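Grab your favourite structure viewer and work through the exercises below. Each one sets a task and then walks through a solution.

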Amino acid sequence: MARAARESLAPARRLGDKARWYRPAAVAADFLGAAIPVGLVFDAAQQVRPVYCALAAAVAWTGVQALRRRYASRALGESRGVLPVVHDWLILIGVLAVARVVTEEATPRLSALGALLPALLITVAVHKLTYRHLSAARREAQAVSRVLVVGEPDAAEDVIAHLAARTDHPYVVVGVVPVGTGPLASGVPVAARLDGTTPEVPNSDSAAVLGAVASHHADLVLVAPGVRITGERLRRIAWALHDAGLELAVFPGLVEVSVKRLETLSAGGLAVLRVAPPVSRGVQTLLKSALDRVGAAAGLLLLSPLFLGIVLAIRFGSRGPAFYRQRRIGRDGAPFVMWKFRTMVVDADALKADLSGANENDGLMFKMRRDPRVTRVGRLLRRTSLDELPQLINVLTGNMSLVGPRPPLPEEVAKYDEVELRRLTVRPGMTGLWQISGRSDLSWDETIQLDLQYVDNWSFTSDVDVMGRTLRAVVDGRGAY
């Protein structure tokens with residue numbers, strides 16, 4: 001029976017496959033990206049065996065990547081982040097440092113380190129290439145995983161709606177298997193329906209799910225647990241799917257929790273999912289504070305000539321002061337005065353009420369693509385995000401951070417519900433997930449979702465990653481108005 005099921009379901013498992021060139025391209029780029037620069041540099045340094053050193057570096061780099069499972073199908077093309085590659089590269093440096101001591105290799109340290117830098121850059125470039133290719137393929141409904149959702153009607157509908165609302169995942173729901181009676185409004189085809197009570201025939205659930213997988217060519221079965229899906233019932237479905245060579249995933253009901261905070265445990269044979277609390281103290285928070293203060297002080301010092309030029313442009317461009325101060329709400333609801341370069345006419349706040357009907361944001365924020373209050377110089381400052389630079393003063397004084405949620409207005413906070421108030425548990429930032437994800441083009445729900453994702457999953461390395469991606473967002477200018 002298991003063999004027959006595997007044969008009938010085998011074609012469906014190939015529908016979510018990624019492009020075949022991902023893995024060989026990644027391995028070749030890593031190997032050559034390490035071997036060629038090392039060989040050239042060591043040959044120029046008159047090292048005795050430059051070819052052997054080049055091969056050793058290439059094998060070490062691809063070996064580190066393989067041990068870190070970067071060539072696994074699940075990982076290829078899924079991330080464009082720089083920090084994981086840097087982490088792997090630092091491991092490579094450590095491995096080769098040990099090899100250098102053992103072999104008594106005498107190439108100058110800086111030359112050897114410089115020879116390994118191209119490997120890091122080439123790997124990052126290949127990651128971004130495959131990420132873009134995979135994202136484009138998924139937008140065209142290619143290289144996706146066809147998902148069959150199993151669960152009680154309400155729970156199944158919630159999962160379907162959440163997956164449909166986001167594009168940062170490979171899952172496409174092709175069918176649903178509701179457990180028990182109840183309406184379904186999502187429009188997803190009902191592939192089968194399981195009894196709301198424990199079935200009299202033990203394997204009837206398994207047969208129904210396998211039949212639904214075959215008829216809808218599903219790659220993955222995603223179960224949304226509920227009262228009617230007992231552990232024994234789920235175990236039998238898992239047995240049937242695994243015997244057929246199919247994957248089973250269980251949705252625990254958690255939303256926007258980073259996988260870094262999740263840990264699987266076994267307690268007396270029970271599978272337990274441990275959720276670590278968000279980072280709120282310790283070395284990482286000290287590093288964040290240090291980065292904020294040092295970065296803000298250095299920024300103000302280095303950018304002072306640019307500040308002077310912007311001040312002169314604003315003063316010559318329109319009547320009024322060069323700086324604009326506005327009351328905002330910070331951490332734990334504490335108000336503070338936020339600094340910006342003035343981009344609007346001096347009586348902009350008084351004119352806001354007259355423009356309320358033209359608000360293009362669907363939530364509590366006020367946004368207009370062509371706001372008549374914005375000056376000519378202000379439009380350029382907003383397009384380049386230069387108007388935000390005076391907030392370095394707020395970072396230096398501790399009211400803001402370099403990275404964090406958008407600082408809200410008091411009238412916005414007055415309308416917050418319990419969920420939205422959670423974004424005030426950390427200091428607001430000059431940049432954040434909202435800025436690198438579209439800024440003013442985002443809906444209110446998307447903005448809140450990104451802020452909560454940051455609050456609950458913050459880490460020092462994530463801040464560094466956001467700051468690195470902010471530069472591209474500023475250059476792109478999408479959503480800046």
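**Exercise 1. Work out how much of the protein chain is buried, and get an overview of the fold.**

Step 1. Of the 481 residues in the protein chain, 42% count as buried; buried means under 20% relative accessible area, exposed means over 50%, and partly exposed is in between (1.4 Å probe, protein chains only).

Step 2. Keep in mind that this is a predicted model, where local features need pLDDT of at least 70 and side-chain atom pairs count only at pLDDT 80 or more, while totals for chains, interfaces and linings use all residues. Residues are numbered from 1 along each chain as its sequence is written, and side-chain values use heavy atoms, with hydrogens and water left out.

Step 3. Now the secondary structure: the protein chain has 18 helices and 10 strands. Helices (H or I, at least four residues) and strands (E, at least two) are DSSP runs, numbered from the N terminus.

Step 4. Take the contacts between residues at least 6 apart in sequence: 71% of them join residues at least 24 apart. A contact here is heavy atoms within 4.5 Å.

**Exercise 2. Find the annotated transmembrane regions and check two of them against the model.**

Step 1. The unreviewed UniProt entry puts "transmembrane region" on residues 21–42, 48–67, 79–98, 110–129 and 296–318. The UniProt positions are in the numbering used here, feature names are shortened, and annotations may be inferred rather than shown by experiment.

Step 2. Residues 21–42 are 95% helix and 0% strand, with 31 Å between the end C-alpha atoms. For residues 296–318 you get 91% helix, 0% strand and 28 Å.

Step 3. Zoom in on Ala35, in helix H2 (residues 22–44). Ala35 is buried, at 11% relative accessible area. Skipping neighbours within four places in sequence, Ala35 is in contact with Ala54 and Ala58. Ala35 and Ala115 are 80 residues apart in sequence, with their C-alpha atoms 9.2 Å apart.

**Exercise 3. Lay out the four-stranded sheet and say which strands stand at its edges.**

Step 1. The strand order in this open sheet is E2-E1-E3-E4, with parallel pairing. Two strands pair if DSSP finds at least two bridges between them.

Step 2. E2 and strand E4 (247–250) are at the edges, each with a single partner strand, so one side of each has no neighbour in the sheet. From one strand to the next, the twist averages 25°.

Step 3. E1 and E2 run parallel and are joined by 7 bridges. For one residue pair to look up, Ser145 has Tyr171 in E2 as its bridge partner.

Step 4. Add the helices. Helix H6 (residues 153–165) lies across E1, E2 and E3, at about 170° to E2. H8 packs on the sheet too, touching E3 and E4, and makes about 150° with E4. Axes are lines fitted to C-alpha atoms, for helices over the stretch in contact, and angles run from 0 to 180 degrees between N-to-C directions.

**Exercise 4. Which residues have the most contacts inside the largest nonpolar core?**

Step 1. A nonpolar core is a set of buried Ala, Val, Leu, Ile, Met, Phe, Trp, Tyr and Cys residues joined through side-chain atoms within 4.5 Å. The largest has 21 residues, and Leu148, Val209, Val213, Val221 and Leu241 have the most contacts inside it.

Step 2. Strand E1 (145–151), strand E2 (171–178), H7, strand E3 (220–224) and H8 each give two or more residues to this core.

Step 3. Leaving aside neighbours within four places in sequence, the contacts of Leu148 include Val176, Val209, Val213 and Val221.

**Exercise 5. Explain which parts of the chain three salt bridges tie together.**

Step 1. A salt bridge is a side-chain nitrogen of Lys or Arg within 4 Å of a carboxyl oxygen of Asp or Glu, and the count comes to 13.

Step 2. Arg233 and Asp205 form one at 2.4 Å, N to O. Arg233 is in helix H8 (residues 231–243) and Asp205 in helix H7 (residues 204–216), so the pair ties together parts 28 residues apart in sequence. Arg233 is buried at 6%, and Asp205 is buried at 5%.

Step 3. Arg274 pairs with Glu263, with the closest N and O atoms 3.3 Å apart. Arg274 is partly exposed at 38%, and Glu263 is partly exposed at 36%.

Step 4. Asp292 and Arg427 meet at 3.5 Å, N to O. This pair links distant parts of the chain, 135 residues apart.
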